[in-house]
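Here are some exercises to work through with the model open beside you. Try each task yourself before reading its solution.

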Amino acid sequence: MAAVDHILTAAASPDTVAGTRDTVGRWFTAGTVANALMAGTYVAFTAVVMPMLSTKDDAGFVNSMQSINTGIENPLFFAVFFGALAAPAVAAWKLRKRGGGTTMKWALGALALYTTTVLTTSGINVPLNEMLASTGDADPTKARTDFETTWNIWNGIRALLTTGATLAMAKALRLHRRNRI
C-alpha cells in the first residue's frame with residue numbers, strides 16, 4: 001500500500017500538476033503557431049499569389065499553378081498542416097481529465113474550424129489541383145476556367161476558417177495561462 005500511496009501523492013503533487021499544465025500550454029502554443037502559419041499561407045495565396053497569377057496568360061497561369069502545387073507538397077508544409085489539426089485535439093484531450101471548462105471549449109472550437117479547413121482542402125482544393133495537374137498542356141484556357149474561380153473562393157474560405165482557428169487557439173492559450181488549469 002505504501003507504493004500506491006506514494007504514486008497517488010506524486011500524482012497529486014504541485015510539480016506533477018505544473019508539469020501537466022506546462023505540457024498542455026505547449027500544445028496550445030504549438031496549435032496557435034501552426035494555425036497562424038496555415039492562415040498566413042492561405043491569406044498569402046488570396047492576397048498575393050493568385051492576384052499575381054491572374055495577370056498571366058492561360059498557359060502561364062496553369063504552368064505556374066502546377067509548379068506551386070508540386071512544390072508545396074513537402075515535409076515542412078505537411079508537418080504544419082497536420083500539426084494545426086493535432087495540437088488543439090491533444091490539448092483538448094489533456095484538458096478533459098481536469099474538467100476542461102471554457103478553455104477546452106475554445107480548443108474544441110479551434111479544432112472544429114481547422115477540421116473544416118482540412119475537409120475543404122481535401123474535398124475541393126486538392127481535387128481541383130489534381131484536375132489541373134492532369135490536364136497537362138492540353139487546353140490551358142479550359143483548365144484555368146474550370147479551376148481558378150472555384151479554387152479562389154474556397155481558398156478564401158480556408159483563410160477565414162484558419163484565421164478563426166488561430167484566434168480560438170490564442171484565446172484557449174490565454175485562458176489556460178490565466179486559469180492555470
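The exercises below concern a predicted model, and they go from the whole chain to helix pairs and single residues.

**Exercise 1. The overall fold**

Task: Find how many helices and strands the chain has, and what share of its residues count as buried.

Solution: Start with the secondary structure: there are six helices and zero strands. Read from the N terminus, the order of elements is α-α-α-α-α-α. Next, turn to burial: 36% of the 181 residues count as buried. Finally, look at the contacts with a separation of 6 or more: 81% of them come from residues 24 or more positions apart.

**Exercise 2. Helix H3 on its own**

Task: Compare the reach of H3 with the expected value, and list its buried residues.

Solution: First take the length. H3 has 15 residues and spans 21 Å from first to last C-alpha, close to the 21 Å expected at 1.5 Å a residue. Then pick out the buried positions, which are Gly60, Phe61, Val62, Ser64, Met65, Gln66 and Asn69. It helps to recall that an α-helix has 3.6 residues a turn, so residues three or four places apart point the same way.

**Exercise 3. H3 against H6**

Task: Work out how the axes of H3 and H6 are arranged, and which residues meet.

Solution: Begin with the axes: those of H3 (residues 58–72) and H6 (residues 140–179) come within 9 Å, crossing at roughly 60°. That angle makes H3 oblique to H6. As for handedness, the crossing of the two is left-handed. Now identify the partners. From H3 come Asp58, Ala59, Phe61, Val62 and Met65, and they meet Pro140, Thr141, Ala143, Arg144, Phe147, Glu148 and Trp151 of H6. Sorted by class, the residues of this contact are eight nonpolar, one polar and three charged.

**Exercise 4. H4 against H5**

Task: Do the same for H4 and H5: what is their crossing angle, and which residues meet?

Solution: The axes of H4 (residues 75–96) and H5 come within 9 Å and cross at roughly 150°. The two helices are therefore roughly antiparallel to each other. Their crossing is left-handed. On the H4 side the residues are Phe81, Ala84, Leu85, Pro88, Ala89, Ala92, Leu95 and Arg96, and they meet Thr103, Met104, Ala107, Leu108, Ala110, Leu111, Tyr114, Thr115, Val118 and Thr121 in H5. By class, this contact has 14 nonpolar, three polar and one charged residues.

**Exercise 5. Three residues up close**

Task: For Ala34, Thr103 and Gly136, decide whether each is buried or partly exposed, using 20% relative accessible area as the cut-off for buried.

Solution:

- Ala34 lies in helix H2 (residues 14–53). Its relative accessible area is 9%, so Ala34 is buried. Leaving aside residues up to four places away in sequence, Ala34 touches Val80, Gly83 and Ala84. The C-alpha atoms of Ala34 and Leu85 are 8.5 Å apart, although 51 residues separate the two along the chain.
- Thr103 belongs to helix H5 (residues 101–135). With 1% relative accessibility, Thr103 is buried. Thr103 and Asn179 are 76 residues apart in sequence, with 8.7 Å between their C-alpha atoms.
- Gly136 sits in the loop between H5 and H6. At 27% relative accessibility, Gly136 is partly exposed. Beyond residues up to four places away in sequence, Gly136 touches Val62 and Gln66. Gly136 and Ala59 are 77 residues apart in sequence and 9.8 Å apart from C-alpha to C-alpha.

Notes: Residues numbered from 1 in each chain as written. Predicted model: local features only at pLDDT ≥ 70, side-chain atom pairs only at ≥ 80, totals over all residues. Heavy atoms only, no water. Axes fitted to C-alpha atoms, helices over the stretch in contact; angles between N-to-C directions. Helix = DSSP H or I, 4+ residues; strand = E, 2+ residues; numbered from the N terminus. Parallel < 35°, antiparallel > 145°, perpendicular 65-115°, else oblique. Left-handed = near helix turned anticlockwise from the far one by under 90°. Contact = heavy atoms within 4.5 Å. Nonpolar A, V, L, I, M, F, W, Y, C, P; charged D, E, K, R; others polar. Expected span 1.5 Å × (residues − 1). Buried < 20%, exposed > 50% of the residue type's maximum accessible area, 1.4 Å probe, protein only.
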